[in-house]
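These are my notebook entries on a single protein chain. I set down what I looked up, entry by entry.

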Amino acid sequence: MIYSRVPTLNDGFMQQSQGCLYYAGFERDENDDQVVRLLVYILEDYNSKEWIMKHSIESSLLFGGRHDVDIEEDFCWIAIHPECNLIFFTLGWDRTFMFCDMDRRQLKVICNLENVNPPYLPYVPLYEELQSLHK
(Lines give C-alpha, C1' and ligand atoms only; values in the text may rest on other atoms or scores of the structure.)
Protein backbone atom coordinates (compact mmCIF):
# COMPACT_ATOMS: atom_id res chain seq x y z
CA MET A 1 0.00 0.00 0.00
CA ILE A 2 1.12 3.54 -0.71
CA TYR A 3 -0.14 6.57 1.20
CA SER A 4 0.40 10.23 0.34
CA ARG A 5 0.30 11.17 4.04
CA VAL A 6 1.32 9.46 7.26
CA PRO A 7 -0.89 6.38 7.74
CA THR A 8 -3.04 6.31 10.87
CA LEU A 9 -1.75 3.63 13.23
CA ASN A 10 -2.25 2.93 16.94
CA ASP A 11 0.75 3.62 19.16
CA GLY A 12 2.87 4.85 16.24
CA PHE A 13 6.64 5.24 16.38
CA MET A 14 8.80 7.16 13.90
CA GLN A 15 12.56 7.01 13.41
CA GLN A 16 15.19 7.26 10.69
CA SER A 17 16.85 4.08 9.47
CA GLN A 18 18.91 3.18 6.43
CA GLY A 19 18.55 6.69 5.00
CA CYS A 20 14.72 6.61 5.12
CA LEU A 21 12.06 7.66 7.57
CA TYR A 22 10.32 4.66 9.16
CA TYR A 23 6.89 4.70 10.76
CA ALA A 24 5.71 1.66 12.71
CA GLY A 25 2.52 1.01 14.61
CA PHE A 26 -0.34 -1.40 15.19
CA GLU A 27 -3.61 -1.87 13.33
CA ARG A 28 -6.48 -4.32 13.64
CA ASP A 29 -6.89 -6.67 10.70
CA GLU A 30 -9.76 -5.64 8.41
CA ASN A 31 -11.00 -9.24 8.07
CA ASP A 32 -10.52 -10.45 11.66
CA ASP A 33 -11.01 -8.03 14.57
CA GLN A 34 -9.09 -10.39 16.89
CA VAL A 35 -5.88 -10.06 14.83
CA VAL A 36 -3.59 -7.09 15.38
CA ARG A 37 -0.70 -6.43 13.02
CA LEU A 38 2.52 -4.48 13.33
CA LEU A 39 2.81 -2.39 10.17
CA VAL A 40 6.02 -0.68 9.09
CA TYR A 41 5.95 2.05 6.46
CA ILE A 42 8.90 3.85 4.92
CA LEU A 43 9.26 7.23 3.27
CA GLU A 44 12.07 6.69 0.77
CA ASP A 45 11.64 9.85 -1.27
CA TYR A 46 10.89 12.85 0.91
CA ASN A 47 9.76 14.89 -2.10
CA SER A 48 7.11 12.40 -3.21
CA LYS A 49 5.68 12.08 0.33
CA GLU A 50 4.65 8.49 -0.46
CA TRP A 51 4.61 6.10 2.49
CA ILE A 52 5.20 2.52 1.32
CA MET A 53 4.33 -0.49 3.48
CA LYS A 54 7.53 -2.45 4.00
CA HIS A 55 6.50 -5.02 6.64
CA SER A 56 3.32 -6.48 8.08
CA ILE A 57 3.62 -8.95 10.95
CA GLU A 58 0.88 -10.42 13.11
CA SER A 59 1.42 -9.17 16.66
CA SER A 60 1.17 -12.67 18.14
CA LEU A 61 4.56 -13.37 16.48
CA LEU A 62 6.02 -10.37 18.31
CA PHE A 63 4.45 -11.42 21.58
CA GLY A 64 5.60 -15.05 21.51
CA GLY A 65 2.22 -16.44 20.46
CA ARG A 66 0.31 -14.51 23.12
CA HIS A 67 -2.94 -12.85 22.05
CA ASP A 68 -3.78 -11.26 25.40
CA VAL A 69 -1.24 -8.40 25.21
CA ASP A 70 -2.54 -4.90 25.87
CA ILE A 71 -0.34 -2.87 23.54
CA GLU A 72 -0.93 0.41 25.37
CA GLU A 73 0.00 -1.11 28.75
CA ASP A 74 2.46 -3.91 27.98
CA PHE A 75 4.40 -2.69 24.92
CA CYS A 76 7.04 0.07 24.77
CA TRP A 77 9.00 1.13 21.68
CA ILE A 78 12.76 1.49 22.09
CA ALA A 79 14.27 2.00 18.62
CA ILE A 80 14.50 0.98 15.00
CA HIS A 81 18.05 -0.09 14.18
CA PRO A 82 19.77 2.57 12.03
CA GLU A 83 21.35 0.08 9.61
CA CYS A 84 19.04 -2.95 9.37
CA ASN A 85 15.41 -4.03 9.79
CA LEU A 86 15.40 -4.64 13.55
CA ILE A 87 12.84 -3.16 15.92
CA PHE A 88 13.70 -3.01 19.64
CA PHE A 89 11.00 -2.90 22.32
CA THR A 90 10.02 -4.01 25.81
CA LEU A 91 7.07 -6.25 26.56
CA GLY A 92 5.15 -7.13 29.71
CA TRP A 93 5.18 -6.13 33.36
CA ASP A 94 8.75 -7.43 33.72
CA ARG A 95 9.92 -5.24 30.81
CA THR A 96 11.44 -8.00 28.72
CA PHE A 97 13.82 -6.26 26.29
CA MET A 98 13.71 -7.88 22.86
CA PHE A 99 13.96 -7.27 19.17
CA CYS A 100 12.19 -8.43 16.06
CA ASP A 101 14.17 -9.12 12.91
CA MET A 102 11.64 -7.97 10.34
CA ASP A 103 13.37 -9.65 7.38
CA ARG A 104 13.59 -13.08 9.02
CA ARG A 105 10.40 -12.65 11.06
CA GLN A 106 12.26 -13.79 14.17
CA LEU A 107 11.90 -12.62 17.73
CA LYS A 108 14.88 -12.60 20.12
CA VAL A 109 14.90 -11.86 23.84
CA ILE A 110 17.88 -9.76 24.97
CA CYS A 111 17.34 -9.44 28.72
CA ASN A 112 14.90 -8.55 31.47
CA LEU A 113 14.75 -4.86 32.49
CA GLU A 114 12.42 -5.40 35.45
CA ASN A 115 14.34 -3.02 37.72
CA VAL A 116 15.13 -0.41 35.07
CA ASN A 117 12.69 2.43 34.48
CA PRO A 118 12.03 4.20 31.16
CA PRO A 119 13.01 6.17 29.21
CA TYR A 120 15.26 3.74 27.38
CA LEU A 121 17.60 5.73 25.20
CA PRO A 122 19.26 4.08 22.22
CA TYR A 123 22.94 4.62 21.52
CA VAL A 124 23.38 7.11 18.69
CA PRO A 125 26.94 7.64 17.46
CA LEU A 126 28.10 11.20 16.92
CA TYR A 127 30.79 11.57 14.31
CA GLU A 128 32.17 15.02 14.79
CA GLU A 129 35.70 16.30 14.67
CA LEU A 130 36.64 18.13 17.79
CA GLN A 131 38.79 21.18 17.21
CA SER A 132 40.61 20.49 20.49
CA LEU A 133 42.08 17.33 18.93
CA HIS A 134 43.80 19.31 16.15
CA LYS A 135 45.90 21.66 18.29
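The entries below go from the overall fold to the sheet, single residues, and then the cavity and pocket.

**Entry 1. The chain as a whole**

I note at the outset that this is a predicted model. I first looked up the secondary structure and found two helices and nine strands in the chain. Read from the N terminus, the order of elements is β-β-β-β-β-α-α-β-β-β-β. I then checked burial: of the 135 residues in the chain, 39% are buried. For contacts with a separation of 6 or more, I recorded that 36% are between residues 24 or more positions apart.

**Entry 2. The four-stranded sheet**

In which order do the four strands of the open sheet lie? I read the order as S6-S7-S8-S9, with antiparallel pairing. The edges are formed by strand S6 (75-80) and strand S9 (106-112), each of which pairs on one side only. From one strand to the next, the twist averages 25°.

I went through two of the pairings in turn. S6 and strand S7, residues 86-91, are joined in the antiparallel sense over five bridges. Within this pairing, I found Ala-79 bridged to Phe-88 of S7. Strand S8, residues 96-101, is joined to S9 by six bridges, and the two run antiparallel. Here the bridge partner of Cys-100 in S9 is Leu-107.

**Entry 3. Thr-90**

I next looked up Thr-90, which is in strand S7. Is Thr-90 buried or exposed? Its relative accessibility is 4%, so Thr-90 counts as buried, the cut-off for buried being under 20%. I listed its contacts beyond four places in sequence: Asp-74, Phe-75, Cys-76 and Ile-78, then Arg-95, Thr-96 and Phe-97, and finally Leu-113 and Tyr-120. As a reminder to myself, side chains in a regular strand alternate between the two faces of the sheet.

**Entry 4. Loops and positive phi**

Which phi does Arg-105 take in the hairpin of S8 and S9? I found a positive phi near 55° for Arg-105, in a hairpin with four residues between the strands. Arg-105 is not a glycine, and its place is in the loop between S8 and S9. Arg-105 has a relative accessible area of 44% and is therefore partly exposed.

I recorded Gln-18 in the same entry. Gln-18 is likewise not a glycine, yet has a positive phi of about 55°. I placed Gln-18 in the loop between S2 and S3. With 34% relative accessibility, Gln-18 counts as partly exposed.

I also looked at Glu-50, in the loop between strand S4 (36-43) and strand S5 (51-58). At 37% relative accessibility, Glu-50 counts as partly exposed. I then took the separation of the C-alpha atoms of Glu-50 and Val-6, which is 8.5 Å, although the two residues are 44 residues apart along the chain.

**Entry 5. The cavity**

How many cavities of 30 Å³ or more does a search of the whole structure find? I recorded one. Its volume is about 30 Å³. The lining consists of Tyr-22, Val-40, Ile-80, Asn-85, Leu-86, Ile-87 and Met-102. I sorted this lining by class and obtained six nonpolar residues, one polar residue and no charged residues.

**Entry 6. The largest pocket and Ser-59**

I turned to the largest pocket, with a volume of about 360 Å³. Of its 20 lining residues, those closest to the centre are Arg-28, Val-36, Ser-59, Val-69 and Ile-71. By class, I found six nonpolar, five polar and nine charged residues in the lining.

Which elements each supply at least two residues of this lining? I noted strand S2 (10-17), strand S3 (20-28), helix H1 (59-62) and helix H2 (71-74). S3 gives the largest share, three residues.

Lastly, I followed Ser-59, which is found in helix H1. Ser-59 has 9% relative accessibility and so counts as buried. Leaving out residues up to four places away in sequence, I found Ser-59 touching Phe-26, Val-36 and Arg-37. Val-36 thus enters this entry under two headings: as a contact of Ser-59, and among the residues closest to the centre of the largest pocket.

Conventions
Residues numbered from 1 in each chain as written. Predicted model: local features only at pLDDT ≥ 70, side-chain atom pairs only at ≥ 80, totals over all residues. Heavy atoms only, no water. 1 Å grid on protein atoms, 1.4 Å probe; cavity = no way out; pocket = protein on both sides within 12 Å on 5 of 7 lines; lining within 4 Å. Points joined across faces, edges and corners; volume = space filled by probe spheres on them. Nonpolar A, V, L, I, M, F, W, Y, C, P; charged D, E, K, R; others polar. Pairing = 2+ DSSP bridges. Axes fitted to C-alpha atoms, helices over the stretch in contact; angles between N-to-C directions. Buried < 20%, exposed > 50% of the residue type's maximum accessible area, 1.4 Å probe, protein only. Contact = heavy atoms within 4.5 Å.
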